[in-house]
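Visitor: I should like to understand the grounds on which the descriptive terms for this model are chosen. Could we go through them in turn?

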Amino acid sequence: MGDVLHVLLPGRDKLAGVPAFAAWLARGTTLPAAVPGYLAALAEHFRWPHGPLPAAALMRQSVAGDAGTSLWLSADPAWVQPEVNGARLLAIGNIGLTAEDAASLVDALAETFQADGMTLLVGDAQHWQLRLPAYVDVPPFPDPEDALGADLFEQLPKGDQGRQWRALLNEAQIVLHNHPVNRRRAAEGLPPVNSVWLWGPGALPEWVECGLSRIYSDDLLAWALAHRADVDVQGRAAFDAAADSPAIGLLDLQDVQPGEFAQAWWPALETRLAQGADLRLAFADGVRMVLRKHHRLRFWRKA
């Protein structure tokens with residue numbers, strides 16, 4: 001078996017306007033479909049003892065090394081846009097916060113969560129974590145990719161089980177509303193950090209296994225999984241199609257924009273194809289495909 005490069009990509013519709021890529025897709029081989037979503041595609045390459053992916057604990061251990069045996073829950077900074085009939089989640093994490101701003105916001109929120117026995121901590125500026133008491137029952141929260149763009153209130157846990165969490169988020173939003181960081185961001189034309197989004201509960205798994213030789217990603221969770229599995233991980237800017245490549249690698253382009261993909265990434269991937277590597281593509285819509293060098297001969301297939 002030759003080299004294999006797994007590539008995580010947005011939905012196919014986002015990259016449909018890249019003609020050279022579309023031509024190759026027409027000649028590629030479609031594999032069985034998978035569960036849609038970035039987290040599902042990433043998780044295909046890892047194994048852990050049991051249960052849903054404990055994203056919060058993994059990221060906490062990666063950035064701070066103190067996950068221990070505690071129960072963790074991600075509480076990422078979020079931007080909520082009020083609407084006539086509700087509010088919409090427009091951003092979760094990656095809102096351009098500095099470390100100082102993140103620390104200031106978390107300090108302001110500390111008392112809100114401490115009242116329920118929880119401790120809010122900064123992981124990195126864009127990702128925060130809650131350390132929870134062992135007795136806390138965490139209801140299901142949608143992953144960020146499922147919650148983004150949706151009505152906030154439809155995403156919150158329902159019923160008696162969710163009442164505590166709905167009240168907690170409401171109190172957090174009140175604290176954040178007039179925070180000096182948000183007043184300054186508004187003056188600079190930046191979106192506010194006016195909520196947090198809770199997701200990825202669990203304790204640090206005893207082990208994580210992975211069959212990849214190297215991962216190229218800018219996503220903290222991918223780094224956290226790689227660290228736990230003892231796999232080499234680098235930022236995706238380090239990817240060099242012309243350099244010696246690992247036997248089985250992964251390139252995370254899940255948030256790539258069409259222009260950047262067309263100008264930089266697809267030429268690099270074509271180079272890897274010309275070298276004889278298999279490209280195994282995982283699209284966010286659940287489609288899975290493989291491209292191989294000899295597929296260029298399927299000239300009768302048109303995009």
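Guide: The questions below take up the chain as a whole, then two single residues, and then one helix. Please note that the model is predicted.

Visitor: What makes the protein chain as compact as a globular protein of its length?

Guide: The chain contains 10 helices and 14 strands. Its radius of gyration is 21 Å, and the globule rule gives 19 Å for 303 residues; the two values are close, so the chain is as compact as a globular protein of that length. Along the principal axes, the C-alpha atoms fill a box of roughly 65 × 45 × 35 Å. Of the contacts with a separation of 6 or more, 69% join residues 24 or more positions apart.

Visitor: Why is Ser74 called buried?

Guide: Buried requires a relative accessible area under 20%. Ser74 has 0% relative accessibility, and therefore counts as buried. This residue lies in strand S4, which spans residues 71-83. Beyond its neighbours within four places in sequence, Ser74 is in contact with several residues, among them Trp128, Trp197 and Trp199. In the chain as a whole, 48% of the 303 residues count as buried.

Visitor: Why does Lys158 count as exposed?

Guide: The term exposed applies over 50%. Lys158 stands at 54% relative accessibility, so it counts as exposed. Lys158 belongs to the loop between helix H6 (152-155) and helix H7 (159-177).

Visitor: How do you know that the side chain of Lys158 makes a polar contact with the backbone oxygen of Glu154?

Guide: A polar contact needs a pair of N or O atoms within 3.5 Å, one able to donate a hydrogen and the other to accept it. A polar atom of the Lys158 side chain lies 2.9 Å from the backbone oxygen of Glu154, which therefore falls inside the limit. The Lys158 side chain also reaches the backbone oxygen of Leu156, at 3.0 Å. Leaving aside neighbours within four places in sequence, Lys158 is in contact with Phe153 and Arg166.

Visitor: What makes helix H9 mostly covered?

Guide: Seven of the 10 residues of H9, which runs from 220 to 229, are buried. These are Leu220, Leu221, Ala222, Ala224, Leu225, Ala226 and Ala229.

Visitor: What is found at the start of H9, and which residue follows this helix?

Guide: At the start of H9, a side-chain oxygen of Asp219 comes to within 3.1 Å of the backbone nitrogen of Leu221. Asp230 follows the helix, and its phi is positive, near 60°.

Methods
Residues are numbered from 1 along each chain as its sequence is written. This is a predicted model: local features need pLDDT of at least 70, side-chain atom pairs count only at pLDDT 80 or more; totals for chains, interfaces and linings use all residues. Side-chain values use heavy atoms; hydrogens and water are left out. Buried means under 20% relative accessible area, exposed over 50%, partly exposed in between (1.4 Å probe, protein chains only). Helices (H or I, at least four residues) and strands (E, at least two) are DSSP runs, numbered from the N terminus. Contact means heavy atoms within 4.5 Å. The radius of gyration is taken over C-alpha atoms; the globule rule is 2.2 Å times the number of residues to the power 0.38.
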